[in-house]
Amino acid sequence: MDFAQHLPVLQVIIPLLAAPLIVLLQPRGFAWAATTATAFFSFAVSIAIAARILAGDILHYEMGGWFAPIGIELRVDAFSAIVLLIISGAAAISLVAARTSINQQIEHHRQPLFYAAWLLAIAGLVGMVVTADAFNIFVFMEISSLAGYILIAGGPDRRALPAVFKYLIIGTIGATFYLIGVGMIYMMTGTLNLDDMAQRVVGIEDQRPILVAAAFVFIGLALKAALFPLHVWLPNAYTHAPHMVTVFLAACGTKVAVYVLLRFQFTIFQSFAEHLLQFALFLMPLALLGITVASLVAMFEGHLKRMLAFSSVAQIGYILLGASLMSDSGFTASTLHMFNHALAKGALFLAVAKFATQYADLRIDSLEGAARSMPLTSFAFVIAGLSLIGVPGTAGFISKWQLIMAIMETGNMGFIMVGIVVISSLIAVAYIWRVVETLYAIPTDNIPASATNVNVKSEKMDLLLVALMFTVAMNIYFGLVPALPFTLAELSSQILLQVKF
Amino acid sequence: MKLFEFLGYYNYWVFAVLLMIGFYAVIAKANLIKKLIGLSLFQSAVFLMYISMDKVEGGTAPIIKPDAVDQLYSNPLPQVLILTAIVVGVSTLALGLAIVVRIKERYGTIEENEILDAD
């Protein structure tokens with residue numbers, strides 16, 4: 001048997017098995033080192049999978065030798081591969097950078113448990129992506145969510161607790177809605193395998209339980225994906241979470257829910273007679289509203305992390321706007337934006353984490369003149385900010401340009417949408433510039449008490465800074481050479497848009 | 001709709017009513033424990049939906065006897081699924097309660113409005 005066939009299951013099983021072992025590693029640093037090594041191994045597996053996909057394969061794996069549709073099938077195609085790269089890449093980079101920041105924020109004796117929860121979150125997220133079984137997705141979704149709640153609540157900030165409670169309530173409601181939807185589809189089709197479902201749903205797609213199920217699945221996953229106006233849990237959870245957790249979750253957390261949402265919409269519900277009306281025309285206004293409102297809120301937000309969190313809500317809007325166009329190029333833009341936004345937002349939150357090692361207060365005003373003491377971090381923030389805005393030469397530009405091209409294909413209506421995209425990008429310029437201006441401002445006499453040695457270059461060269469520099473370099477690299485994500489995005493749009501019967 | 005049809009779906013009516021009672025408690029109650037009770041009810045309602053759908057009229061427990069032919073039994077799959085979902089529900093509830101304990105430690109209250117006022 002070919003070793004490559006086992007790659008999808010290795011992706012899930014390695015973090016899942018490593019998690020309980022990490023708990024046993026008590027001496028300082030061991031838990032961190034073992035977790036990071038696991039995450040890197042996971043990343044290597046994702047790269048190997050992506051290489052196979054680029055070579056034209058689709059990987060199947062039958063759990064326990066039971067063949068689909070009876071057994072649980074793991075199935076990795078181009079769309080899964082690019083999301084796997086995002087998850088395991090984000091995990092590897094944030095973990096390698098995490099040491100300093102986590103040591104500051106989490107007590108030493110709780111660190112092994114914290115890292116174990118982190119590995120479970122990784123296992124859950126990749127599990128949702130590799131599996132081709134609707135109920136299995138639910139189980140992995142809950143593994144990743146429960147681990148995610150622990151990670152967010154783990155920090156020293158007490159405001160994280162009410163935030164995570166809200167997230168737990170909303171997340172559980174979302175998952176339960178998804179479960180109701182899957183139950184109703186199972187009632188009608190008698191299968192849980194996604195491909196099998198897609199075939200059996202043909203012919204009964206106008207029956208009421210199927211339509212109701214589609215609504216439940218959509219709303220449930222939209223809650224998890226923080227689609228505007230269902231995003232209320234996100235800003236507080238991201239703001240008060242430990243900084244490195246924010247890096248990880250902002251880069252890949254919501255995107256996995258978007259992945260499952262699109263997977264359902266395009267493989268199972270696509271045969272609906274009024275799918276265009278029920279999905280695309282419903283989603284498009286929400287996406288556009290999300291882009292505008294969340295960007296505006298970000299512009300007037302005083303706290304750096306919360307500002308970036310609202311910007312994340314807006315970026316989810318871009319991703320779903322591309323998908324709601326229901327075209328090949330729109331879908332490519334959407335997938336590409338998942339990848340590029342993960343890079344840009346990951347880098348921005350890494351910079352925030354680096355600022356946080358020296359500034360206790362992360363309100364934008366209190367970072368005044370930070371560029372003097374932390375020149376490299378500030379410079380990295382500027383480049384990552386440019387990528388978020390979508391300036392040519394950065395990764396963000398590639399996907400925004402692709403999105404605008406995809407919108408233009410739709411004809412006259414497109415100008416309004418392009419207008420909204422351009423205006424919200426200008427708003428992004430405003431809110432990123434506000435931070436940059438503050439960072440590079442010459443400090444006045446009233447030096448904030450929280451800052452130490454404001455005028456002295458006190459930035460320590462550590463793994464966090466190296467990871468930040470690397471991510472920023474990747475933003476530039478994928479802005480100039482976008483071949484890898486672009487090919488995967490095009491392949492995934494081909495896979496999802498082909499009508500499967 | 002005929003009364004018979006209406007009553008015939010009574011499991012599903014109970015499911016819908018329980019779901020909404022739970023949902024109401026989650027939204028309307030300010031006490032975090034009461035919210036969790038509502039959430040638990042909300043999840044349990046879904047278990048009832050799954051269990052209702054696997055029932056085959058006249059069917060027995062899904063145990064295959066070697067000598068029996070044409071034995072009618074209920075669909076075991078939804079039961080197995082719901083066993084997993086119950087485990088998920090219990091862990092969610094446990095984690096939720098753990099968070100409430102922490103909130104009580106740090107804020108001294110478990111009323112939502114008082115927590116909001118505290119920050």
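This is a working chat about a predicted model with chains A and B.

Biologist: What does the secondary structure of chain A come to?

Modeller: Chain A has 19 helices and two strands.

Biologist: And what is the radius of gyration of chain A against that of a compact globule?

Modeller: The radius of gyration of chain A is 22 Å, and a compact globule with 501 residues would have one near 23 Å, so the two agree. Along the principal axes, the C-alpha atoms of chain A fill a box of roughly 75 × 60 × 40 Å.

Biologist: How many of the residues of chain A count as buried?

Modeller: Of its 501 residues, 61%. On contacts in chain A with a separation of 6 or more, 80% are accounted for by residues 24 or more positions apart.

Biologist: Now chain B. How many helices and strands?

Modeller: Five helices and zero strands. From the N terminus on, the order in chain B is α-α-α-α-α.

Biologist: Is chain B compact or spread out, going by the radius of gyration?

Modeller: Chain B is more spread out than a compact globule, because its radius of gyration is 20 Å and the globule rule gives 14 Å for 119 residues. Its C-alpha atoms fill a box of roughly 65 × 40 × 10 Å along the principal axes.

Biologist: What about burial and contacts in chain B?

Modeller: 24% of the 119 residues of chain B count as buried. Residues 24 or more positions apart make up 48% of the chain B contacts with a separation of 6 or more.

Biologist: How many residues of each chain are in contact with the other?

Modeller: 21 residues of chain A are in contact with 24 residues of chain B. On the side of chain A, the elements that give two or more residues are H5 and helix H6 (160–189). H6(A) gives the most, with 13 residues.

Biologist: How does that side of chain A divide by residue type?

Modeller: Into 15 nonpolar, three polar and three charged residues.

Biologist: Back to H5(A). How does it pack with H4(B)?

Modeller: Helix H5 (residues 134–153) of chain A and helix H4 (residues 76–107) of chain B pack at an angle of about 10°, with their axes 11 Å apart. Angles under 35 degrees count as roughly parallel, so H5(A) and H4(B) are roughly parallel to each other.

Biologist: Which residues make the contact?

Modeller: H5(A) contributes Phe135(A), Val139(A), Glu142(A), Leu146(A), Tyr149(A) and Ala153(A). Those from H4(B) include Leu81(B), Val88(B), Leu95(B) and Ile99(B). By type, the contact residues are nine nonpolar, three polar and one charged.

Biologist: Which residues touch the most other members of the largest nonpolar core?

Modeller: Ile86(A), Ile87(A) and Val164(A), in a core of 223 residues. H6(A) gives the most to this core, with 19 residues.

Biologist: What does Val164(A) touch?

Modeller: Leaving out residues up to four places away in sequence, Val164(A) touches Tyr149(A), Ile152(A), Ala153(A), Ala237(A) and Ile99(B). Tyr149(A), Ala153(A) and Ile99(B) are also among the residues in the contact of H5(A) with H4(B).

Biologist: Last one: where is Ala309(A), and is it buried or exposed?

Modeller: Ala309(A) is in helix H12 (residues 304–324) of chain A. Ala309(A) counts as buried because it has 27 C-beta neighbours inside 10 Å, and the cut-off for buried is 20 or more.

Biologist: Which residues does Ala309(A) touch?

Modeller: Leu234(A), Pro235(A), Tyr238(A) and Thr239(A), not counting residues up to four places away in sequence. The C-alpha atoms of Ala309(A) and Ala250(A) are separated by 7.8 Å, with the two residues 59 apart along the chain.

How values were computed:
Residues numbered from 1 in each chain as written. Chains lettered and ligands numbered in written order. Predicted model: local features only at pLDDT ≥ 70, side-chain atom pairs only at ≥ 80, totals over all residues. Axes fitted to C-alpha atoms, helices over the stretch in contact; angles between N-to-C directions. Helix = DSSP H or I, 4+ residues; strand = E, 2+ residues; numbered from the N terminus. Parallel < 35°, antiparallel > 145°, perpendicular 65-115°, else oblique. Contact = placed C-beta atoms within 7 Å. Nonpolar A, V, L, I, M, F, W, Y, C, P; charged D, E, K, R; others polar. Core = buried A, V, L, I, M, F, W, Y, C linked by C-beta atoms within 7 Å. Buried ≥ 20, exposed ≤ 12 C-beta atoms within 10 Å, placed from the backbone. Rg over C-alpha atoms; globule rule 2.2 N^0.38 Å.
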